[in-house]
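These are my notebook entries on a structure that I had not consulted before. I set down what I looked up, entry by entry.

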Amino acid sequence: MSGMLSFGGRKLAIGAVLLFGLASLTFWVNYAIPQDSGMFILGNISNPTREQVQEANHRLGVDRPALVQYGDFVGDLARGDLGISWTTAVYKSDEGVVGESVAGIVLRAAAVTGSVVLGGVLLLVALVLPLGPFLASRSGSALDRTILLVTLAFVSTHPLVAALLLQLLVGRKLGWLPDQGYCPFFGDIGANSIASGVAECGGPVDWATHLLLPWLSFSLLFLALYLRQIRTQSSSVLREPFINVARAKGASDRQVLSRHVVPSVLAVVVVMVAMDVGTALGVALFIEVVFGLPGLGRQLIIALQGFAGFDRPVIVGIVLVTGAVVVLANLAADLLVGVIDPRARTGGSRGTRLGAGDT
Amino acid sequence: MSMPGVHHDESASGAQIAVPVRSPRAIAFARLRRDRAAVIAFYLAAAVLLACFVGAPVLSQILGHGPNDLFPYAVDDNLRPVGPLSRVPDTHAALVDDYGEIVPPATGTGKTLLILGADGALGRDLFLRLLYGGQVSIEVGLLAAVIALLIGVSLGALAGMLGGVVDAGVSRLSEIVMAFPILFLLVLVGASSLGSRLQDITLGVLNEGVFSVALLIGLFTWFYPARLVRTQLLSLRRSEFVDASLVSGAGRAWIFRKHLLPHLGPSLVTWGTLAVATGILLEIGVTFLNAGVRMPTASWGRILADTWGSPLAPSRYLPAAVSLWPTIFASLAIFIAVVALHEIGEALQRVFGTERPR
């Protein structure tokens, strides 16, 4: 057990260093791209003079030497302060620059992204767990081959394309489901209407109907990848001696699959999901943009492509939060692998996978 | 790919049995030719390449218009584009009456054929844009794979051959690059002025915008081939044929080129094929997020984005003004190209017996 703990502790420490590196890199990349961040707080001045811009830059503190700014940035990070969003910032003569806190923005957006990813993953698991073992038991049949062909099609479909087609066909032409917008689960009706551009809605039913298409588009790509993996995995489980024992004791095909094969591939699915969180967040970005969901991805696009340039505090906040989620998920995956297969505990040099999607 | 296998032709036994000697490359090729799905995929990929790079200019000549020509009469009053196989008045300027209403074109205006219809409110030829857009998307995929392979193979070879500090350095560097969310970086750089400057680099042969997107993708995907090369070299380095070369006085660079590089071929070719598909998909994503190939240059991502709007200002959905065709045909084009590449990649894996490179 202490081995597990120190293993977890080491992974956490590496993760923390990695996150700090990510934040610093984001800071410096942002810094290296010249922009007048003061434009954010100029408010309604339409054609600002050079002096006005410089004054605004000064108020925001972005005209100081790079190392001083970086020192401040690191100090704030250490205290857990992510600062304020520049997009929402205004200058008030008595209180200085005020605006919405990045932590609040990121938390609200994370709830949306969480809804998309969690629902999508549940849908995925609900489809893969029965289907994978079933196909393995019918290996080589026409159904098996057809579904494998379909998975090749899904693997080759960009989640963006799937989302666009589902939105256009199911959401718009047929009008069966809402084609965009987000409704908060806890019915504060209207609270999110500005961000989502949808009239007042809220509560579990609205929440689910608005997310059904995003969940579907999310799970298609992963469904294909997982189905292949789980099918192979199930085939090898089906060749194990204990399956023969179960059959010899008179278990039906169905019992063998549901009592023996599904439980043994469940662990594999859980580990795969934990390891794919980074990719999942990358996929969620496209889905949020297409379906107009005010999640982390869409917030990132707004911060990257706003009228006055990069909203650095928000960008750093989102990179940090997604990075932390990925590090923690990877840690969970490593620990789960350790629980399932103790041999993996000491090796553990699989490398942290933190890319936001290959696609 | 010439593996140091033992060939049986030099067995000095008296009986001369004519066993055809085939190189591993020939064996792999023969296996590939027996793989029906792979052959179909090869023809499909070749057809896409041919259509985009040869078919596009030829068709443009035959039809008499280009991918960026506007046909105001290819959209109706609601700006809804015409569907497939439409003949529209061959004029780039709409006639407007005194009240600002669009009136029919002058009599005697010729007609021109839009094979898949128009692409949207601007009334451009969808089919031509798909073909020319395919050029851009495929160029991005190919160039990104080449850049990633160049960087990856060199760094991986250095790490695997020299070991020690170099190996540690390359490994750490690849872990850092691996940890960085590539999509975020693509959008960040693409949206900046640096991205704008990179847009104009064409190297004389490429389409506009290709180089910048491909360079960025290549710069952030090289760690896959680097790790692939490094791991294989670490085990190959200790093999007897390398020792034999070393004691015979061969230099490390020569050994790498003559003895080791051929071993890496299969896995690199497999990775490269799948990387082209990944590059095509990444281009679509980045362009859709407004940070890749810019208007009016057609690319598959651009066509999808043009119909849908931009991330910060999605176009409003007006049922009377929206046609399904542009989205469906663009999706289909992407699908055909990527399915073919994936199937070829998987067939290569089966043939070479390489692991799926991740």
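**Entry 1. Helices 9 and 10 of chain B**

In this predicted model, I first looked up how helix 9 (residues 240-247) of chain B packs against helix 10 of chain B: the angle is about 165° and the axes are 10 Å apart. Since an angle over 145 degrees counts as roughly antiparallel, I entered helix 9 of chain B as roughly antiparallel to helix 10 of chain B. I noted the crossing of helix 9 of chain B with helix 10 of chain B as right-handed. From helix 9 of chain B, the contact draws on Phe241(B), Val242(B), Ser245(B) and Leu246(B). From helix 10 of chain B, I listed Trp254(B), Ile255(B), His259(B), Leu260(B) and His263(B). Sorted by class, the residues of this contact are six nonpolar, three polar and no charged.

**Entry 2. Gly272(B)**

I stayed with helix 10 (residues 252-288) of chain B, where Gly272(B) has its place. Is Gly272(B) buried or exposed? I found a relative accessibility of 10% for Gly272(B), so this residue counts as buried. Setting aside neighbours within four places in sequence, I recorded Ala145(B) and Leu149(B) as the contacts of Gly272(B). Gly272(B) and Leu149(B) are 123 residues apart in sequence, yet I read a C-alpha to C-alpha separation of 7.5 Å in space.

**Entry 3. Helices 3 and 7 of chain B**

I then turned to helix 3 (residues 126-162) of chain B and helix 7 (residues 210-219) of chain B. Their axes come within 8 Å and cross at roughly 40°. The two helices, helix 3 of chain B and helix 7 of chain B, are therefore oblique to each other. I noted their crossing as right-handed. On the side of helix 3 of chain B, I listed Val136(B), Glu139(B), Val140(B), Leu143(B), Ala144(B), Ile147(B), Ala148(B) and Ile151(B). These meet Val210(B), Phe211(B), Val213(B), Ala214(B), Leu215(B), Ile217(B), Gly218(B) and Leu219(B) in helix 7 of chain B. For the contact of helix 3 of chain B with helix 7 of chain B, I recorded 14 nonpolar, one polar and one charged residues.

**Entry 4. Two serines of chain B**

I looked up Ser60(B) in helix 2 (residues 36-63) of chain B. Its relative accessibility is 14%, so I entered Ser60(B) as buried. Not counting residues up to four places away in sequence, Ser60(B) touches His65(B), Gly66(B), Leu128(B) and Tyr132(B).

Next I located Ser331(B) in helix 12 (residues 325-352) of chain B. Ser331(B) has a relative accessible area of 7% and is buried. Which residues are in contact with Ser331(B), leaving aside its neighbours within four places in sequence? I found Val161(A), Leu165(A) and Leu304(B). Val161(A) and Leu165(A) belong to chain A, and Leu304(B) to chain B.

**Entry 5. Helix 12 of chain A and helix 5 of chain B**

I followed this with a pair of helices from the two chains. Helix 12 (residues 296-305) of chain A and helix 5 (residues 182-190) of chain B pack at an angle of about 25°, and I noted a distance of 10 Å between their axes. Angles under 35 degrees count as roughly parallel, and helix 12 of chain A and helix 5 of chain B are therefore roughly parallel to each other. I recorded a right-handed crossing where helix 12 of chain A passes helix 5 of chain B. Leu300(A), Ile301(A), Leu304(A) and Gln305(A) in helix 12 of chain A meet Phe184(B), Val187(B) and Leu188(B) in helix 5 of chain B. I counted this contact by class as six nonpolar, one polar and no charged residues.

**Entry 6. Positive phi values in chain B**

I looked up Leu85(B), which is not a glycine and has a positive phi of about 55°. I placed Leu85(B) in the loop between helix 2 and strand 1 (86-89) of chain B. Leu85(B) counts as exposed, at 65% relative accessibility.

Asn290(B), not a glycine either, has a positive phi of about 70°. I found Asn290(B) in the loop between helix 10 and helix 11 (300-308) of chain B. At 36% relative accessibility, I entered Asn290(B) as partly exposed.

**Entry 7. Chain A as a whole**

Finally, I noted 14 helices and two strands as the secondary structure of chain A. Chain A has 359 residues, of which 47% count as buried. I recorded an accessible surface of about 16600 Å² for chain A, with 65% of this area belonging to carbon and sulfur atoms.

Notes. Residues numbered from 1 in each chain as written. Chains lettered and ligands numbered in written order. Predicted model: local features only at pLDDT ≥ 70, side-chain atom pairs only at ≥ 80, totals over all residues. Heavy atoms only, no water. Axes fitted to C-alpha atoms, helices over the stretch in contact; angles between N-to-C directions. Helix = DSSP H or I, 4+ residues; strand = E, 2+ residues; numbered from the N terminus. Parallel < 35°, antiparallel > 145°, perpendicular 65-115°, else oblique. Left-handed = near helix turned anticlockwise from the far one by under 90°. Contact = heavy atoms within 4.5 Å. Nonpolar A, V, L, I, M, F, W, Y, C, P; charged D, E, K, R; others polar. Buried < 20%, exposed > 50% of the residue type's maximum accessible area, 1.4 Å probe, protein only. Areas by Shrake-Rupley, 256 points an atom, 1.4 Å probe, with all protein chains shown as cover.
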